[in-house]
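Please open the structure in your viewer and keep the sequence panel visible beside it. This tour will suggest one selection after another and tell you what to look for at each stop.

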Amino acid sequence: MIFVDEYRDRELVHSLSRQIHAESRRAIALMEVCGSHTMAIGRFGIRSLLPDHIRLISGPGCPVCVTEIGYIDHACAIAAEPDVIITTFGDLIRVPGSLSSLERERARGADIRVVQSSLDALHIARDNPDRKVVFLGIGFETTAPTTAAAIAQAARDGVSNIFVLSAHKVMKPAMMALVTGGVSLDGYICPGHVSIVTGAAMYKEIVAECGVGCVISGFEPADILLAILMLVRQAERGEHAVEIAYKRAVTWDGSRPAQRLMDDVFVPRDAVWRGLGTIPASGLGLATEYNRFDAEGAFTVDLPVAKEPAGCRCGEVLKGRCEPADCPLFGAPCTPENPVGACMVSSEGTCAAHYRYHNE
Ligand code: SF4
């Protein structure tokens, strides 16, 4: 059992903070690529425990935030088709598309249901054999195995009325694209949940080819500070390495069964990331054996030209090129209650985190 309380122990947290202050001499920039880390850093006031010369940047780690606006348009168009039930994680409903949102389509009468997992969508498909149930598959290696499990189960059980509109993505190509694309970093605070599935080995290539440190962190304040301390030590030694600061959950090889499920059901394909553009082999499409479950092939719909909200700087926020407060829309009119961009919609979005924890 994992006791999180010990990782919130005040003395441990302040001891790690003191060690970072004592050992950190050079200015460094570290990026977290996990929405849960973004929220935890805000919630626990991690920045206030660090020297000013350590800069924490929030990267593209929130699945809702990186989902391109064209995907929302596609989901809205399918939702308007007859006999369709859209099943989705809750945050996606409020993300504005070019002309509409799933929330608006639901108000117009579309059958859009919030589910906790892809397996809920499979249950809905079984209960509604005369309807087409479309699951909006978003997220990284954390959620992709569960989508794969639902589709594999549907194939085994002969359920033919479930489809996936896949915006699933994998983390490594995006982390490499950020650095090779010019974002200046000393290290990544690597995502704990993703790493449980992929294992730490995934980051070897990032370290070798991009020359940045990679330390996997948990989600409690002591976890995050330990990861930062390990990255500080790497920087002070002039080294880059893969290390695990979340050993109670992450191994070097990760979860082989989850990896096998993903490899069986999905194939890599190029994917568009909001703010980052198209990144080769960073998305997951359905493998040939499962392409009868692909919503892209099952529905022919007209799509509007994808158009980002005027003035929204989500793309720059996701690359760490600007802070949420630099966006002219931050706070007015863009708030968690009335989001203009995706980074304010999701509970794990960078703008939502800044709004919540910098305005309290
Ligand atoms: S404040 Fe709103 S509009 Fe501006 S970047 Fe963030 S989400 Fe986009």
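The tour begins with the whole chain, then visits the sheets, a hairpin, a helix, the ligand and a few unusual backbone positions.

**The whole chain**

Keep in mind from the start that this is a predicted model. Show the protein chain as a cartoon, and you will be looking at 16 helices and eleven strands. The radius of gyration of the chain is 21 Å, close to the 21 Å that the globule rule gives for 360 residues, so the chain is as compact as a globular protein of that length. If you turn the C-alpha trace along its principal axes, it spans about 65 × 45 × 40 Å. Of the 360 residues, 52% count as buried, and among the contacts with a separation of 6 or more, 78% are made by residues 24 or more positions apart.

**The sheet of five strands**

Next, select the strands of the open sheet with the order β2-β1-β7-β8-β9, in which the pairing is parallel. Which strands stand at its edges? They are β2 (54-58) and β9 (242-244), and each has a single partner strand, so one side of each is left without a neighbour in the sheet. Looking along this sheet, you can follow a twist that averages 20 degrees from one strand to the next.

Now narrow the selection to β1 (residues 28-32) and β7 (residues 187-190), which pair in the parallel sense over three bridges; one place to look is L30, whose bridge partner in β7 is G187. Add helix α2 (residues 35-43) to the view, and you will see that this helix lies across β1, β2 and β7, running at about 120 degrees to β1.

**The sheet of four strands**

Move on to the other open sheet, where four strands with parallel pairing follow the order β4-β3-β5-β6. Here the edge strands are β4 (111-114) and β6 (162-168), each of which pairs on one side only. Neighbouring strands of this sheet are turned by 20 degrees against each other on average, direction ignored.

Select β3 (residues 84-88) together with β4, and you have two parallel strands joined by four bridges, with I86 facing its bridge partner I112 in β4. Two helices are worth adding to this picture. Helix α6 (residues 118-127) packs on the sheet and touches β3, β4, β5 (132-139) and β6, while its direction makes about 175 degrees with that of β5. Helix α7 (residues 144-157), in turn, lies across β5 and β6 and runs at about 160 degrees to β6.

**The hairpin and helix α8**

Select β10 (residues 266-273) and β11 (residues 277-286), which pair in the antiparallel sense over seven bridges; P268, for example, has L284 in β11 as its bridge partner. Three residues lie between the strands of this hairpin, and G275 takes a positive phi near 90 degrees.

Then colour helix α8 (residues 171-180) and highlight its buried residues, which are M171, P173, A174, M175, A177 and L178. What covers these residues? The cover includes β7, α9 (192-198), α10 (204-210), β10 and β11. After α8 comes G182, whose phi is positive, near 110 degrees.

**Around the ligand**

Centre the view on the ligand, which has 14 residues around it, and of these C312, C327, C334, G341 and C351 come nearest. The elements that give two or more residues to this shell are α14 (314-318) and α15 (342-345). By class, the shell has twelve nonpolar, one polar and one charged residues.

**Unusual backbone positions**

Stay with the loop between α14 and α15, which holds P333, and zoom in on the peptide bond joining A332 and P333, which is cis, with omega at about 5 degrees.

For the last two stops, select D83 and then A281. D83, in the loop between α4 (69-79) and β3, has a positive phi of about 60 degrees although it is not a glycine. Is D83 buried or exposed? It is exposed, with 11 other C-beta atoms within 10 Å. A281 is found in strand β11, and it has a positive phi of about 55 degrees although it is not a glycine. With 13 C-beta neighbours inside 10 Å, A281 counts as partly exposed.

How values were computed
Residues are numbered from 1 along each chain as its sequence is written. This is a predicted model: local features need pLDDT of at least 70, side-chain atom pairs count only at pLDDT 80 or more; totals for chains, interfaces and linings use all residues. Two strands pair if DSSP finds at least two bridges between them. Axes are lines fitted to C-alpha atoms, for helices over the stretch in contact, and angles run from 0 to 180 degrees between N-to-C directions. Two residues are in contact if their C-beta atoms, placed from the backbone, lie within 7 Å. A residue is near a molecule or strand if its C-beta atom, placed from the backbone, lies within 6 Å of it. Ala, Val, Leu, Ile, Met, Phe, Trp, Tyr, Cys and Pro count as nonpolar, Asp, Glu, Lys and Arg as charged, and the others, Gly among them, as polar. The radius of gyration is taken over C-alpha atoms; the globule rule is 2.2 Å times the number of residues to the power 0.38. A residue is buried if 20 or more other C-beta atoms lie within 10 Å of its own, exposed if 12 or fewer, and partly exposed in between; C-beta atoms are placed from the backbone.
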